[in-house]
Amino acid sequence: METNTEAYIRYDPTKETAWVNAVFAAFGEKKSSYYKVASQQLVTMLLIVIAKKEHSQDICEVETNYTGVGLMNMMGNKGGVAVRLRYHDSYFCFITSHLAAFVDKVEKRNQDFTSIAKRLVFRNYPDDILAYLNFSWNSGGDEGVSFLESNGVSRKWTKDASIFHADHLIWLGDLNYRVNLSEAEIKMRLQQGELDYLLEYDQARTQEISLSIERQAGRTFSMFDEGRIEFTPTYKFDAGTNQYDTSEKRRAPSWTDRILWKKSENEDKPSKKRQNLLSYDSCMKMMTSDHKPVRALFETNVRKINHQKLALTKDKLIKRLVATKDQTPKATLVNSFVKFGDVQFMEFKERSIVLENTGLVLVTFRFKSKLSDIDEYDNSEFDQNKNADQTSEEIIPSWLTVHPTSGVLGPGEKVVIQFELMIDPSISAPFNKREKDIDEVLVLRIKGGGDYFVIVEGKYQPTCFGVPLEDLASMPVPVNPIRYIPLQDSKNHTPVEPSVGDRQAQQVNLPKELWKVLNFLWNKNMLSIESLFLEHGDRVICHYIRQCMDTDSPFDSDILLGKDIKDEKPASSISEDSSENEESLEKEALGANSMVDVLVAFLECLPEPVIPTNMYKLALEAADSPEAMAILIATIPRIHLNVLHYINDFLRDAMKYAPESCKEYRRQRIVELFSGMIRPPVDFKERNPALAREKREKFVGQLLRT
């Protein structure tokens with residue numbers, strides 16, 4: 001509705017009636033087949049739910065609500081309105097909202113979303129038939145409900161229902177998220193038809209797998225999906241035209257008007273999706289506003305329980321339970337040992353065990369903490385929140401993922417319990433230092449039936465990857481002391497091994513593993529290879545290099561370069577046989593690029609990057625500021641500074657000896673590959689990832705020039 005200065009009246013029946021009449025008039029001759037289910041108004045926001053009359057007897061539990069988040073976080077110039085209803089045995093919730101305006105008010109829009117989601121509450125109508133839905137939504141079962149609880153909402157969900165207590169949740173309206181580019185660039189890109197480029201800078205966009213700036217960061221609408229946007233920005237137009245704003249303000253075009261829906265648990269299974277989006281576009285013919293409306297058409301799956309069959313099944317089950325004398329839950333665990341064998345760094349492994357209900361009554365199971373002797377199943381009600389102090393970290397170690405961790409089995413049913421393991425950089429340090437092992441005993445409790453002990457075993461292979469720079473630099477011996485022996489006859493090997501003096505000198509200044517890799521690459525012959533940095537190496541060679549780094553074994557030139565360094569002529573020299581020389585050069589390039597791949601992976605796997613995460617903002621600032629760069633160099637920890645200088649000197653020489661034909665392309669690749677030396681803290685929420693990536697690459701480029 002219009003947004004003039006008098007439009008601060010929460011409810012104006014005249015305007016609402018006018019809009020309802022206009023909608024029904026659009027149905028033409030069919031308008032008598034429809035009726036208004038509900039409507040809710042808040043100042044300029046109006047939500048109308050209309051259905052066919054033939055469905056009226058199947059629609060019930062209709063509830064409406066509204067909340068203002070405008071001036072003083074209360075006024076209705078900004079806020080949201082909602083309608084919740086039950087259709088057959090599925091719950092629908094519709095929300096329309098108007099969030100904070102202006103490009104720089106991203107955080108306020110995020111706050112508005114959270115406030116609206118927290119405040120819109122409905123009455124929950126008890127229904128034993130649908131009681132299982134609350135169980136599936138609550139206690140961590142629904143991302144939206146978990147979001148509310150993590151933001152301080154504490155309600156009895158048996159009496160109240162949030163917007164997320166719904167099978168189908170549609171959120172639409174003027175969300176006001178903008179495009180993080182200048183007005184001139186946006187219009188230029190629109191003229192060239194570069195919608196996909198503009199969407200990369202949209203503050204709230206989801207497009208297939210790529211998430212928006214704010215949603216990817218988890219700050220807002222993270223539990224929603226959106227269709228692919230293939231229409232031009234819907235804001236801001238000169239009223240009555242299709243011309244973008246030409247006033248003095250010249251608002252930058254943006255997709256402020258959106259339609260989102262709550263994600264389904266089975267998004268990867270189209271046949272089980274709650275709803276399918278059939279179309280999503282704008283209405284360019286509408287000229288009554290400075291916005292263009294958007295519309296979406298969905299096809300939804302609706303739950304309809306056969307009450308007669310349900311009653312018969314319930315009666316049969318009750319009779320069966322009464323007839324049996326054995327009321328004790330019985331279960332059999334097929335194999336209580338989970339053996340992962342040898343585990344490499346960043347290697348994903350999975351194993352499984354089977355739990356079977358071999359009794360005649362329901363079996364309720366859950367993994368429990370070894371620290372608690374309390375039986376959380378002693379109470380008649382299965383309360384998943386009873387032991388709030390039992391965190392998932394106490395029950396399942398951080399390096400292991402188990403699913404499901406709890407559940408209910410009917411007589412004769414089985415469940416496959418999956419165990420997944422991967423040691424990544426965030427948790428690898430204690431494993432590499434042998435302070436932690438893959439050795440855990442998990443307790444699987446059967447309600448009323450005792451405990452099973454699940455033994456998880458594995459043998460982690462220590463590696464220098466994922467070990468902090470400080471620890472590596474202080475290690476006098478390799479991470480894995482078992483020296484790697486290649487498959488070929490050792491008598492034919494020609495190892496490349498540094499002298500004792502060289503090793504002692506470099507050990508004090510930086511990790512020997514890093515020195516080992518750069519020492520191999522840092523010569524004019526290698527740095528003059530045309531494809532260096534531009535192509536990937538060989539996976540087998542990369543594995544060999546990593547083994548040598550872990551065990552401190554010398555590099556074998558036959559493996560890395562496909563030649564014998566004792567040959568009178570180097571592989572790069574001109575040979576009488578041009579084909580042999582060409583093949584030799586290709587092998588040399590492959591070995592060199594394999595070494596580069598390992599170097600980049602080593603840096604990216606550091607738990608704390610070369611530029612420490614607490615200096616991330618300063619590093620981005622240093623990309624454009626010599627003063628900030630000087631402060632960074634002066635305050636960065638010594639070992640990190642040594643590594644930074646060493647890598648930078650190497651990269652500058654790599655540019656110095658780069659063939660002219662590929663010098664600029666090499667510079668671009670170096671900047672791209674080594675921007676991983678700068679990484680934000682784990683909990684850091686990037687406001688504009690694309691701009692931050694440019695800043696990181698610019699920082700590396702600045703180092704190359706310094």
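The legends below accompany an overview and several close-up views of a predicted model of a protein chain.

**Figure 1. Overview of the protein chain, with its 22 helices and 23 strands.** The protein chain has 706 residues, of which 48% count as buried. Its accessible surface comes to about 36,100 Å², and carbon and sulfur atoms account for 52% of that area. When contacts between residues at least 6 apart in sequence are considered, 69% of them join residues that are at least 24 apart.

**Figure 2. Close-up of R86 in strand β4, which runs over residues 79–87.** R86 has a relative accessible area of 7% and therefore counts as buried, since the cut-off for that word is under 20%. The side chain of R86 makes a polar contact of 3.1 Å with the side chain of E61, while a polar atom of the R86 side chain also lies 2.9 Å from the backbone oxygen of H88. Apart from neighbours within four places in sequence, the residues in contact with R86 are D58, I59, C60, E61, Y91, D127 and L130, so E61 appears both in this list and as a polar partner of R86.

**Figure 3. Close-up of R189 in helix α5, which spans residues 183–191.** Like the arginine of the previous view, R189 is buried, here with a relative accessible area of 17%. A polar contact of 3.5 Å links the side chain of R189 to the side chain of Y197. If neighbours within four places in sequence are set aside, R189 is in contact with E194, Y197 and L198.

**Figure 4. Close-up of T256, in the loop between strands β9 (224–226) and β10 (257–262).** Although T256 is placed in a loop, its relative accessible area is 0%, and it is therefore buried. The side chains of T256 and D257 are joined by a polar contact of 3.0 Å. Not counting residues up to four places away in sequence, T256 touches G173, D174, L175, N176, Y177, R178, T234, Y235 and H291. T256 and L99 are 157 residues apart in sequence, and their C-alpha atoms are 9.6 Å apart in space.

**Figure 5. Close-up of a nonpolar surface patch formed by M346, F348 and M422.** Together, these three residues have about 260 Å² of accessible area. F348 is located in the loop between β14 (337–343) and β15 (349–357), and with a relative accessibility of 45% it counts as partly exposed.

**Figure 6. Close-up of helix α13, residues 512–521.** Because 9 of its 10 residues are buried, helix α13 is largely enclosed by the rest of the structure. The buried residues of α13 are K512, E513, L514, W515, K516, V517, L518, F520 and L521.

**Figure 7. Close-up views of two cysteines, C542 and C662, both of them buried.** The relative accessibility is 18% for C542 and 6% for C662, and each value is under 20%, so both residues count as buried. A disulfide is a covalent bond between the sulfur atoms of two cysteines. The structure holds 0 disulfides.

How values were computed
Residues numbered from 1 in each chain as written. Predicted model: local features only at pLDDT ≥ 70, side-chain atom pairs only at ≥ 80, totals over all residues. Heavy atoms only, no water. Helix = DSSP H or I, 4+ residues; strand = E, 2+ residues; numbered from the N terminus. Buried < 20%, exposed > 50% of the residue type's maximum accessible area, 1.4 Å probe, protein only. Polar contact = N/O pair within 3.5 Å; in protein donor to acceptor, adjacent residues only side chain to side chain. Contact = heavy atoms within 4.5 Å. Patch = residues over 30% accessible without salt bridge, like charges linked within 9 Å, V, L, I, M, F, W, Y side chains within 5 Å. Areas by Shrake-Rupley, 256 points an atom, 1.4 Å probe, with all protein chains shown as cover. Salt bridge = Lys/Arg side-chain N within 4 Å of Asp/Glu carboxyl O. Disulfide = S-S within 2.5 Å.
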